[in-house]
Amino acid sequence: MKSNHLTDQEIQEFLFGKSTISKDTNDHINSCKECESKIANYKTITESIKAVSNPSFDFDLSGMVMEKLITKKQRTKLSWHLIFSFVLGLISFAIIIVCINFIFAKTNLLEYIKNGIDSFTVIIFSVSLMIGIVHAIEILYRHKKLINIINAK
Amino acid sequence: MSKPVRISDERGVVDRILQGDKKSFSLIIKATENLVAQILFKMVRNEDDRKDLAQDVYLKAYNNLSGFKFESKLSTWIAQIAYNLSINYLNKRKPESIPDKFNDYNNDEEIISDLSVENKSTYDQVEKKIYGEELKQILEKEIDKLSPVYKTLITLFHNEEMSYEEISIVTQLPEGTVKNYLFRARRILKNNLLKKYNSGDL
């Protein structure tokens, strides 16, 4: 049988470690009041640690995080929507303008391309660009309004 | 506080989120927020900072979810993020708030020398005199006096019942160091309680 008292380290290893203790140590624990008492104290302390109430957040963490994630989603969706609308708008206007101009030119397609873009085309392009910008500003304004609504909730 | 949720199919939930079902992420938050709270309450004293960090933990987890390889439990991975963010916070805020293991050790040794030889009757008396609610309150105060890392280790091991291996993943400390720190933390707690008893505070 082990004659010396167990050290703190041995006691903790016995209580919380995975390793098994030797028969000598086990016999000593069973016959030594001092070591038994030390073990009991560690047990009391650890049981009390478990009994200490667990802290918790006093706010809706899930709600706050999800709100941030949804806002982020809206932003991404809107910025993509904004670029897509703007480009699509410009392309549509450009096609319409070229078609109109081509009809009014009363010429064949090859000749029309050869003559290049005339001043009328430039004017119509500028107007369509202006319309595109106004459209983009409106989308931005709507997006900002939506974000404000989300943040206010 | 919302009731903790248990996720039986972590892989399924993560897959759903990665496919765009952001709402499923709230399941992960509800399942792990108590563990995150345990870490943040032990590491960060300031309430507002704790609130910000708690949100950062999950935003970071969401952004890095595709990188989670299921090599550990999802909760362990999130606990690791919480621990890392807390350590970064402590480093930025006040370098000395990170525990100095040698200071703790000296303190520990000092207590031991104060007590000289632990007499056996003291143990029995302490156990009888301070237990139940009283001991819980005293322990709560004593735990609070420990360094943030020691407090966190004690909580993860005894309250969250994490294994040494899991704690090692969370803290990125070698398993031997985790065991050693836990040993010291428990011994400090025990010795402080005995010291308190001997000085007649109890």
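Let's start where two helices of chain B touch: D49(B), L53(B), D56(B), V57(B), K60(B) and A61(B) in α3(B) meet I78(B), I81(B), A82(B), L85(B), S86(B) and Y89(B) in α4(B). Sorted by class, this contact holds eight nonpolar residues, one polar residue and three charged ones. Keep in mind as you look that this is a predicted model.

How are two such helices described? Two packed helices are described by the angle between their axes and the distance between the axes. For α3(B) and α4(B), the axes come within 9 Å and cross at roughly 135°. Angles over 145 degrees would count as roughly antiparallel, and 65 to 115 as roughly perpendicular. The pair α3(B) and α4(B) is therefore oblique. Their crossing is right-handed.

Now stay on α3(B) and find Y62(B), which lies in this helix. Is Y62(B) buried or exposed? The answer falls in between: Y62(B) is partly exposed, because 19 other C-beta atoms lie within 10 Å, while a buried residue needs 20 or more. Leaving aside residues up to four places away in sequence, Y62(B) touches F25(B) and also L69(A), a residue of the other chain. Look for I17(B) as well: I17(B) and Y62(B) are 45 residues apart along the chain, and their C-alpha atoms are separated by 8.7 Å.

Let's step back and view chain B as a whole. Its secondary structure comes to ten helices and zero strands. Read along the sequence, the pattern is α-α-α-α-α-α-α-α-α-α. Of the 202 residues in chain B, 36% are buried. What share of the contacts in chain B with a separation of 6 or more joins residues 24 or more positions apart? That share is 72%.

Another pair in chain B shares a helix with our starting point. Helix α4(B), residues 74–93, also packs with helix α9(B), residues 164–171, at an angle of about 45° and with their axes 7 Å apart. These two helices are therefore oblique to each other. From α4(B), the residues T76(B), A79(B), Q80(B) and Y83(B) meet E166(B), I169(B), V170(B) and T171(B) of α9(B). By class, that contact divides into four nonpolar, three polar and one charged.

Chain A offers a helix pair to explore too. Helix α1(A), residues 8–16, and helix α3(A), residues 33–51, have axes that come within 10 Å and cross at roughly 55°. Once more the helices are therefore oblique to each other, and the crossing of α1(A) and α3(A) is right-handed. Here I11(A), Q12(A) and L15(A) in α1(A) meet K38(A), I39(A), Y42(A) and K43(A) in α3(A). The classes in this contact are four nonpolar, one polar and two charged residues.

Finally, let's see how the chains meet. The contact between them takes 36 residues from chain B and 32 residues from chain A. Which helices of chain B each supply at least two residues of the side that touches chain A? They are α2, α3, α6, α7, α8 and α10 of chain B. Among these, α2(B) gives the most, with nine residues. By class, the side of chain B that touches chain A has 17 nonpolar, seven polar and twelve charged residues. Helix α3(B), where we began, is one of the helices on this side.

How values were computed: Residues are numbered from 1 along each chain as its sequence is written. Chains are lettered from A and ligands numbered from 1 in the order in which they are written. This is a predicted model: local features need pLDDT of at least 70, side-chain atom pairs count only at pLDDT 80 or more; totals for chains, interfaces and linings use all residues. Two residues are in contact if their C-beta atoms, placed from the backbone, lie within 7 Å. Helices (H or I, at least four residues) and strands (E, at least two) are DSSP runs, numbered from the N terminus. Ala, Val, Leu, Ile, Met, Phe, Trp, Tyr, Cys and Pro count as nonpolar, Asp, Glu, Lys and Arg as charged, and the others, Gly among them, as polar. Axes are lines fitted to C-alpha atoms, for helices over the stretch in contact, and angles run from 0 to 180 degrees between N-to-C directions. Angles under 35 degrees count as roughly parallel, over 145 as roughly antiparallel, 65 to 115 as roughly perpendicular and the rest as oblique. A crossing is left-handed if the near helix is turned anticlockwise from the far one by less than a right angle, and right-handed if clockwise. A residue is buried if 20 or more other C-beta atoms lie within 10 Å of its own, exposed if 12 or fewer, and partly exposed in between; C-beta atoms are placed from the backbone.
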